[in-house]
Amino acid sequence: MNLSTKASSLKEPSCLKISYTDPNIYSAITHRLLFHFSRTRPDTPVVIICVGTDRSTGDSLGPLVGTTLARFHSPLFHLYGTLDEPVHAINLEETLSLVYEKHSDPFIIGIDACLGQSTSVGCIQVVDGPLRPGAGVNKQLPPVGDIHLTGIVNVGGFMEYFVLQNTRLSLVMKLSDIISSSLYSALKQWNLHARSAATREQ
C-alpha cells in the first residue's frame, strides 16, 4: 500500500487518473497501458507484481488482481502475488530478486492499493515509474516496476492501518476487476500487434 499523493503529483502526460465510475475507464486504462507497452521490444518478458495482503481489506487489491489474472493461465505475462501466495513487506525483496534471476530484462508492472484524498477515493492510476510500496504506512521497501497501477481505496493521512482494515470490500472488488480486465485486454492487444509487426517484417 502506498500514498497516492506522490503519484498524483506527477504532471507528466504518462500519468492517468480516472474514477471507477467513468464509463470510459476500461478503454482509457487499456490505451494508456498500450502507450507504455509501445516503448518496449515485442519480445520483452512482461512481469506483473501484485503487492498486498489478504489480511487487510484495503490492502487486498493487489492479491485480488493477481488471483483474477492467474485464472487466465496466460503465457503473455509472468505473475507474482495472489491471495494464495501474496507478495508483501516480508517477501517483496526476495520476490524481486527471483524475478530478475528468472527473467532477462523484464518489463515490470507493479500493482498496489493506496490511500489518498477523499475526492480521489475510487480512482485508478496508471503511472510511469516504479511503485513505492509501504510509503503510506511508513515502511521502507524496494521500488517495484517500470510502470504501476494503483487503486485509491480510502482516505489517507491519519491512522492508516485502521483505515485499511475498515475499507469496503465492495470498492476493492470493483477496482480489482477493472484493473485485471483492462490489463489483460491491453496485453492481448499488444501481443496481436507485436505478432502482426513480426509477420510484416518477414
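Mentor: Let's start with accessibility: a residue is buried at under 20% relative accessible area, exposed at over 50%, and partly exposed in between (1.4 Å probe, protein chains only). What you have above is a predicted model, where local features need pLDDT of at least 70 and side-chain atom pairs count only at pLDDT 80 or more, while totals for chains, interfaces and linings use all residues. Residues are numbered from 1 along each chain as its sequence is written, and side-chain values use heavy atoms, with hydrogens and water left out.

Trainee: Let me try that on a helix. Which residues of α4 are buried?

Mentor: A word on names: helices (H or I, at least four residues) and strands (E, at least two) are DSSP runs, numbered from the N terminus. Helix α4 covers residues 92-102, and its buried residues are L92, T95, L96 and V99. Viewed down the axis of α4, these fall within an arc of 100° (taken from the directions from the helix axis to the C-beta atoms), so they line one face of the helix. The general idea behind such a pattern is that an α-helix has 3.6 residues a turn, so residues three or four places apart point the same way.

Trainee: Which residues are exposed on the other side of α4, and what covers the buried ones?

Mentor: On that other side you find E93, E94 and E101 exposed. The cover over the buried residues includes the strands β3 (46-50), β4 (78-80) and β5 (107-116). For comparison, have a look at α3, which is mostly covered: eight of its 10 residues are buried. Among them are L61, P63, L64, V65 and L69.

Trainee: Next, the interior. How many residues are in the largest nonpolar core?

Mentor: In soluble globular proteins, nonpolar side chains tend to be buried together. We call a set of buried Ala, Val, Leu, Ile, Met, Phe, Trp, Tyr and Cys residues a nonpolar core if they are joined through side-chain atoms within 4.5 Å. Here the largest one has 37 residues, and I29, L33, F37, I48, I109, I111 and L183 have the most contacts inside it. Helix α6 (residues 169-201) is the biggest giver, with 10 residues in this core. There is also a second, separate core of 11 residues, including L92, L96, I108 and L131. You have met L92 and L96 already, as buried residues of α4.

Trainee: If I click on I48, which residues is it in contact with?

Mentor: Contact means heavy atoms within 4.5 Å. Leaving aside neighbours within four places in sequence, I48 touches L69, F77, H78, L79, Y80, I109, I111, L183 and L187.

Trainee: I can see some aromatic rings too. How many aromatic pairs are there?

Mentor: Rings of Phe, Tyr and Trp (its six-membered ring) pair if their centres lie within 6.5 Å; planes under 30 degrees apart are stacked, over 60 edge-to-face, and the rest tilted. The whole structure has three aromatic pairs. F37 and F107 make an edge-to-face one, 6.0 Å centre to centre with 80° between the planes. F37 sits in helix α2 (residues 25-37) and F107 in strand β5, so the pair ties together parts that are 70 residues apart in sequence. Both rings are in buried residues, with F37 at 1% relative accessibility and F107 at 9%.

The pair F72 and Y184 is stacked: 3.8 Å centre to centre, 10° between the planes. F72 lies in the loop between α3 and β4, while Y184 lies in helix α6, 112 residues apart. F72 is partly exposed at 34%, whereas Y184 is buried at 16%. Together with F77, these two form one aromatic cluster.

Trainee: And charges: how many salt bridges does the structure hold?

Mentor: For a salt bridge, look for a side-chain nitrogen of Lys or Arg within 4 Å of a carboxyl oxygen of Asp or Glu. The structure holds three. R39 bridges to D128, with the closest N and O atoms 3.2 Å apart. R39 is in the loop between α2 and β3, and D128 in strand β6 (residues 123-128), 89 residues away in sequence. R39 is partly exposed at 47%, as is D128 at 21%.

Trainee: Which residues are linked in a network of salt bridges?

Mentor: R41, D43 and D105 are. The closest N and O atoms are 3.2 Å apart for R41 and D43, and 3.6 Å apart for D105 and R41. D105 lies in the loop between α4 and β5 and R41 in the loop between α2 and β3, so that bridge joins parts 64 residues apart in sequence. R41 is partly exposed at 43%, whereas D43 is exposed at 58% and D105 is exposed at 52%.
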